[in-house]
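This report follows a few residues and elements through the model, and then turns to the sheet and the ligand site. Please keep the sequence and the structure at hand while reading.

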Amino acid sequence: MPAEALAQKRKRWDAVLDRIPDDQPMTGIEVGVWRAILSRELLAARPFLRLHLVDPWQTGKPGTPWWGSGSVMPARSQVEYERAYRRTIEVIDPWRERAIVHRTTSALLADDWSEPLDFAFIDGDHSFEGCSIDIAGWIPHVRAGGWIGGHDWDKPERGQVTAAVLSFFDRDRIEVDSESTWFVDLEPNDIPRPT
Ligand SMILES: C[S@@+](CC[C@H](N)C(=O)[O-])C[C@H]1O[C@@H](n2cnc3c(N)ncnc32)[C@H](O)[C@@H]1O
């Protein structure tokens with residue numbers, strides 16, 4: 001593809017930005033951050049966005065679902081993860097008052113969460129188990145009328161995201177957008193009531 005066409009290609013952040021207004025406050029979470037490439041685009045383009053970023057920045061362990069998912073991410077070394085974490089802190093610095101970094105797993109954070117969210121973007125552990133845990137963990141924290149979405153729909157070489165998403169939502173509710181992003185608008189019935 002010629003360089004100009006490549007530069008103009010719609011990216012994953014364009015799909016996310018289409019779902020975040022530029023004139024009103026919104027709070028969301030990005031699950032799986034790596035080097036904050038997506039985070040930077042969102043924070044730069046949406047001045048009223050408060051963005052939580054969660055990632056353990058921890059190399060994978062053989063034998064875990066993440067290791068077996070097909071993604072190259074779990075095999076990256078701890079040195080690379082430390083570098084990616086430092087890069088994230090650097091990248092988000094201009095927006096540090098509204099970019100909140102959580103260095104832990106998505107599941108641990110979701111368990112203790114209390115702030116209502118307008119959206120959750122899931123791009124962490126792409127195994128069936130990992131992606132399902134993240135979807136189940138964040139749905140209760142997103143308001144009805146908000147959305148949940150993620151990356152790597154229909155990318156079997158990167159994990160089992162499609163099967164995990166389909167285990168929660170009927171296909172006709174799932175909107176697939178640029179760079180294999182997927183989105184579902186949440187309805188009141190999707191959100192479990194506190195017991
Ligand atoms: C593909 S990268 C994220 C890319 C980023 N969202 C972007 O678009 O630029 C996947 C990240 O998920 C993280 N991850 C893996 N398991 C996780 C978990 N249980 N909770 C949160 N993040 C996790 C990895 O550490 C890795 O940095």
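## Threonine 64

In this predicted model, threonine 64 is found in the loop that runs between E2 and H4. Its relative accessible area is 30%, and because this value falls between the limits of 20% for buried and 50% for exposed, threonine 64 is described as partly exposed. Threonine 64 and leucine 109 are 45 residues apart in sequence, and their C-alpha atoms are 20 Å apart in space.

## Valine 91 and helix H4

Helix H4, which comprises residues 78-92, lies across E2 and E3, and its direction runs at about 165° to that of E3. Valine 91 is a residue of this helix, and with a relative accessible area of 9% it is buried. When its neighbours within four places in sequence are left aside, valine 91 is in contact with Arg35, Ala36 and Arg40. Between valine 91 and aspartate 190, which are 99 residues apart along the chain, the separation of the C-alpha atoms is 34 Å.

## The sheet

What is the order of the strands in the open sheet? The seven strands follow one another as E3-E2-E1-E4-E5-E7-E6, and their pairing is mixed. Strand E3 (99-102) and strand E6 (175-177) are the edge strands, each of them pairing on one side only, and the twist from one strand to the next averages 20°. As a general point, the strands of a sheet pair through backbone hydrogen bonds, in either a parallel or an antiparallel sense.

Strand E2 (residues 49-54) has parallel pairings with two strands described here: with E3 over four bridges, and with E1 over six bridges. Within the pairing of E2 and E3, leucine 53 has valine 101 of E3 as its bridge partner, while in the pairing of E1 and E2, methionine 26 stands opposite leucine 49 of E2. Five of the six residues of E2 are buried, so this strand is largely enclosed by the rest of the structure. Helix H3 (residues 37-45) packs on the sheet, where it touches strand E1 (26-31), E2, E3 and strand E4 (117-122), and its direction makes about 170° with that of E2.

## Aspartate 118 and helix H6

Aspartate 118 has its place in strand E4. Is aspartate 118 buried or exposed? With a relative accessible area of 14%, which is under the 20% limit, aspartate 118 is buried. Its side chain makes a polar contact of 2.6 Å with the side chain of arginine 143. If residues up to four places away in sequence are not counted, aspartate 118 touches Pro25, Met26, Thr27, Val142, Arg143, Gly146 and Trp147, and Met26 in this list is the residue that stands opposite leucine 49 in E2.

Strand E4 also takes part in the cover of helix H6, since the elements over the buried residues of H6 include E1, helix H5 (106-111), E4, E5, H7 and strand E7 (181-185). The buried residues of H6 (residues 128-138) include Gly130, Cys131, Ser132, Asp134, Ile135, Gly137 and Trp138.

## Histidine 151

Histidine 151 lies in the loop between strand E5 (142-150) and helix H7 (161-166), and although it belongs to a loop, it is buried, with a relative accessible area of 8%. Which partners does the side chain of histidine 151 reach through polar contacts? One polar contact, of 3.5 Å, joins it to the side chain of aspartate 123, and at 3.1 Å it reaches the backbone oxygen of glutamate 179. Beyond residues up to four places away in sequence, the residues touched by histidine 151 include Arg12, Phe121, Ile122, Asp123, His126, Arg158 and Trp182.

## The ligand site

Of the 18 residues around the ligand, those that come nearest are Arg12, Glu30, Gly32, Asp55 and Asp123. Two of these names, Arg12 and Asp123, also appear among the residues that histidine 151 touches.

Polar backbone atoms of the protein are found at short listed distances from the ligand's own polar atoms. An oxygen atom of the ligand is 3.3 Å from such an atom of tryptophan 34, an oxygen atom is 3.4 Å from one of leucine 38, and a nitrogen atom is 3.0 Å from one of serine 106. Taken alone, the ligand exposes 610 Å², of which the protein buries 90%.

Terms used: Residues numbered from 1 in each chain as written. Predicted model: local features only at pLDDT ≥ 70, side-chain atom pairs only at ≥ 80, totals over all residues. Heavy atoms only, no water. Pairing = 2+ DSSP bridges. Axes fitted to C-alpha atoms, helices over the stretch in contact; angles between N-to-C directions. Contact = heavy atoms within 4.5 Å. Near = heavy atom within 4 Å. Polar contact = N/O pair within 3.5 Å; in protein donor to acceptor, adjacent residues only side chain to side chain. Areas by Shrake-Rupley, 256 points an atom, 1.4 Å probe, with all protein chains shown as cover. Buried < 20%, exposed > 50% of the residue type's maximum accessible area, 1.4 Å probe, protein only.
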